[in-house]
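Q: I'd like a close look at one helix pair in this one, and then at how it fits with what's around it. Take your time and connect the pieces as you go.

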Protein chains: 2
Amino acid sequence: MPKISRKADQMPASPIRKLVPYAETAKKAGVKIYHLNIGQPDIETPTLLMDAIRNSDIKVLEYSHSAGIESYRKKLATYYQGFRINIDASDIIITTGGSEAISISMMTCFNPGDEIIIPEPFYANYNGFCCAADVTIKPVRSYIESGFALPPIAEFEKLIGPKTKGIMICNPGNPTGYLYSREELELLKELVKKHDLYLLSDEVYREFCYDGKEYVSVMHLEGIDNNVILLDSISKRYSACGARIGAMISKNKELMRAALKFAQARLSPPTFGQIGGEAALNTPASYFEKVKKEYVLRRDFVVDSLNKMDGVFCPKPSGAFYCIARLPIDNADTFCQWLLEKFSLNNKTLMLAPATGFYSSPGAGLNEVRIAYVLNLEDLSQAMICLKEALSVYPGKIVNAELETNNRRK
Amino acid sequence: MPKISRKADQMPASPIRKLVPYAETAKKAGVKIYHLNIGQPDIETPTLLMDAIRNSDIKVLEYSHSAGIESYRKKLATYYQGFRINIDASDIIITTGGSEAISISMMTCFNPGDEIIIPEPFYANYNGFCCAADVTIKPVRSYIESGFALPPIAEFEKLIGPKTKGIMICNPGNPTGYLYSREELELLKELVKKHDLYLLSDEVYREFCYDGKEYVSVMHLEGIDNNVILLDSISKRYSACGARIGAMISKNKELMRAALKFAQARLSPPTFGQIGGEAALNTPASYFEKVKKEYVLRRDFVVDSLNKMDGVFCPKPSGAFYCIARLPIDNADTFCQWLLEKFSLNNKTLMLAPATGFYSSPGAGLNEVRIAYVLNLEDLSQAMICLKEALSVYPGKIVNAELETNNRRK
């Protein structure tokens, strides 16, 4: 039997999906599970997106342009201009989800062995895309105590060596919910300029900024047009994860010409997703206002509930629909599995994402979990009741004194 | 400005798409172009595929399973069983087009620097996928004189070294239309067994086998289950290129577990395409009979017309909807560009794919073109009239004597 590749061997399994078999067993045993583990919103997809697909009148379902349907790219440019991102259709390649925007960017920018600095905790699938492209992640750690603010630039500088070729951020952040300030981004800009690095920014949660805080894009940073790549997706924006439509955006013409060759090799992004994505651009502002209001209610409820629990700490995020909580537990992986395997309250339990999967530094995030507040308030309320009870009976719980010592040690 | 990657630099531009700007200029000047250059069928997509999408009742367009919707995979297994390919749903990963089936297979099987043997001429985008995975293609040449039959196994053996890890074929073939016989595939099987290689087979044209000839799949070969990967797509089968739905299939469980990690990193294939693909499995046999009958008429007309032209030779293919013709010309790239830039007959011209893009050996296929007979008979007839006239006035034409010498020299 021929061997699989080293890459395939090293490729990390999804830290979120590895708990799925335990959830399936619990479900078969009749236990209801509140899924706070994945960023799959329960918000309805705008009807105008779905209607455009349902009403499409296509006789022959042809390939589209490799960079995406032109009318879609043109309207999308206008959408970005609404955020003061001054691009035109030629700066956009429509991709199969944000995922493909990342993988094409990785292949276009980096050589095998190149290094990319990413503030951790970060979206776990970045590991997969970097592994596929043979790119080494150098994590720079952000901490729960500061709400996962940008680490000091000196920490980035320490990691920069001859192989460093880029920095990648997610803003607003998954899994942290942190929203970078203009000042933080300006600091990154100076660093990027100084070392002539690529700056990749995953901004798929742009619509989800709360408390009147400003969304600042890397595309707003002046003087680094040739360094910046914006990675985007309609999945979260319109609750349209299954459409598989994203975008890779840059004003660096040479880079985009090269990226197009990768796009051509895979022929085209999905036609129906593009039709839906184009129609969705007419989504009224009122839709987002309603959705945002709902997420703020959910966030406030979850964060308040968490912080009221003994030994729990959860900073309040300003964006996306995630938060990371520190729990009084020995090991988040064990705890999350225990919730599914051993625990239930009135035949209910909850599924969380252990934060360890979002850190690249070994041992980091051992007592942290990511919570996606993508369920309605009633379900979130039940889930929080479950969690409180679970923490009080979990065999691996850590009493306050121990926890404090533990935290000081880190 | 940061440098693009070596890969991005070396990535070949699509040999078919590079002529597009000339075609656009010709169209703007009012010239009608018969597109025989791409495998975009004009056949209507089955209405039951389109209706399933139009009638879908989805409130939240969620991610699907990373391996694809389970009900689709189950029905798809039954479809393959109809071709005596004995697999079940767990042997299938639904991919974003056949393209992604190839790229995930490449990453799962091969290390950077590994070599794969591919009979040439081959589908040009294999170059792109191999480049992206840092895999080196070792071409083994097949010849127009034998209709592009499988080259002698000794020619494969010559290329096998310590870095050789796989063989890739396309059957029925794009760009050749050649259909491998059971005997040819049995020879390949012995070779694969002897050297414990992966055998990747792109069989997206399975439904398009003509003249009562038998379709033999690599999945029919006994004793090499762990070596074989079937690459598939619904694009050509149902004239549904824009759906972007394909499949990677293998009975090698370890391989498929590893491939699933790459599939998980990109989350899921497009939902609407899967809905369409599942519905399309109910396409009646009569649909394919009608389509096949149409393609046979087109093939016979095109091949006969070509062989009647002075100095033209075109073997009759038994599958897919392509043929390769040898023309009495100096250079196929120059000729195809000239057709768009300089030639027209009654304000009409045609677009062909220079065969050079399908060969990996430098200088091969210089006087060959690929013709996709994806237009109706009336259009094909007009196109053949254009081609005949073009060949008679083309400044780089080669008279018969010269051509013969030229061919003997090769």
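A: Start with α5(A) and α9(A): their axes come within 9 Å and cross at roughly 120°. That makes α5(A) oblique to α9(A), given that angles under 35 degrees count as roughly parallel, over 145 as roughly antiparallel, 65 to 115 as roughly perpendicular and the rest as oblique. Their crossing is right-handed (the near helix is turned clockwise from the far one by less than a right angle; anticlockwise would be left-handed). On the α5(A) side, A:Ile104, A:Met107 and A:Thr108 make the contact, and they meet A:Leu255, A:Ala258, A:Ala259, A:Phe262 and A:Ala263 of α9(A). By class that's seven nonpolar residues, one polar and no charged ones.

Some ground rules before going on. This is a predicted model: local features need pLDDT of at least 70 and side-chain atom pairs count only at pLDDT 80 or more, while totals for chains, interfaces and linings use all residues. Residues are numbered from 1 along each chain as its sequence is written, and chains are lettered from A and ligands numbered from 1 in the order in which they are written. Helices (H or I, at least four residues) and strands (E, at least two) are DSSP runs, numbered from the N terminus. Axes are lines fitted to C-alpha atoms, for helices over the stretch in contact, with angles running from 0 to 180 degrees between N-to-C directions. Contact means C-beta atoms, placed from the backbone, within 7 Å. For the classes, Ala, Val, Leu, Ile, Met, Phe, Trp, Tyr, Cys and Pro are nonpolar, Asp, Glu, Lys and Arg are charged, and the others, Gly among them, are polar.

For comparison, look at another pair in chain A. Helix α2(A) (residues 20–28) packs with α12(A) (residues 332–341) at an angle of about 20°, with the axes 8 Å apart. These two are therefore roughly parallel to each other, and their crossing is left-handed. Here A:Tyr22, A:Ala23 and A:Ala26 of α2(A) meet A:Gln337, A:Leu340 and A:Glu341 of α12(A). The class count is four nonpolar, one polar and one charged.

Back to our first pair, now with the partner chain in view. The contact between the chains takes 68 residues from chain A and 68 from chain B. Both α5 (97–109) and α9 (253–265) of chain A are on the list of helices that each supply at least two residues to the side touching chain B, along with α1 (6–10), α3 (47–54), α6 (125–132) and α10 (271–280). In fact α9(A) gives the most, with seven residues. Overall, that side of chain A has 31 nonpolar, 21 polar and 16 charged residues.

How do the two copies relate? A rotation of 180° with 0.0 Å of shift along its axis superposes chain A on chain B, with an RMSD of 0.0 Å (least squares on the C-alpha atoms of residues with pLDDT of at least 70 in both). That's the relation of a two-fold axis. The C-alpha of chain A nearest the axis belongs to A:Arg54, 2.0 Å from it. The same surface serves both copies, too: 100% of the contact residues of chain A recur in chain B.

Over in chain B, there's a sheet to trace. Seven strands form an open, mixed sheet in the order β2-β8-β7-β6-β5-β3-β4, where two strands pair if DSSP finds at least two bridges between them. β2(B) (92–95) and β4(B) (136–141) stand at the edges with a single partner strand each, so one side of each is left without a neighbour in the sheet. From one strand to the next, the twist averages 20°. β7(B) (residues 228–233) and β8(B) (residues 246–249) run antiparallel and are joined by four bridges; one partnership is B:Leu230 with B:Ile249 of β8(B). Helix α6(B) lies across β3(B), β4(B) and β5(B), at about 150° to β4(B).

Last, some backbone details. Most residues other than glycine have a negative phi, and most peptide bonds are trans. The bond from A:Asn171 to A:Pro172 is cis, with omega near -10°, and A:Pro172 is in the loop between β5(A) and α8(A). B:Asn171 to B:Pro172 is cis as well, with omega near -10°. A:Asp211, although not a glycine, has a positive phi of about 60°; you'll find A:Asp211 in the loop between β6(A) and β7(A).

Methods. Two residues are in contact if their C-beta atoms, placed from the backbone, lie within 7 Å.
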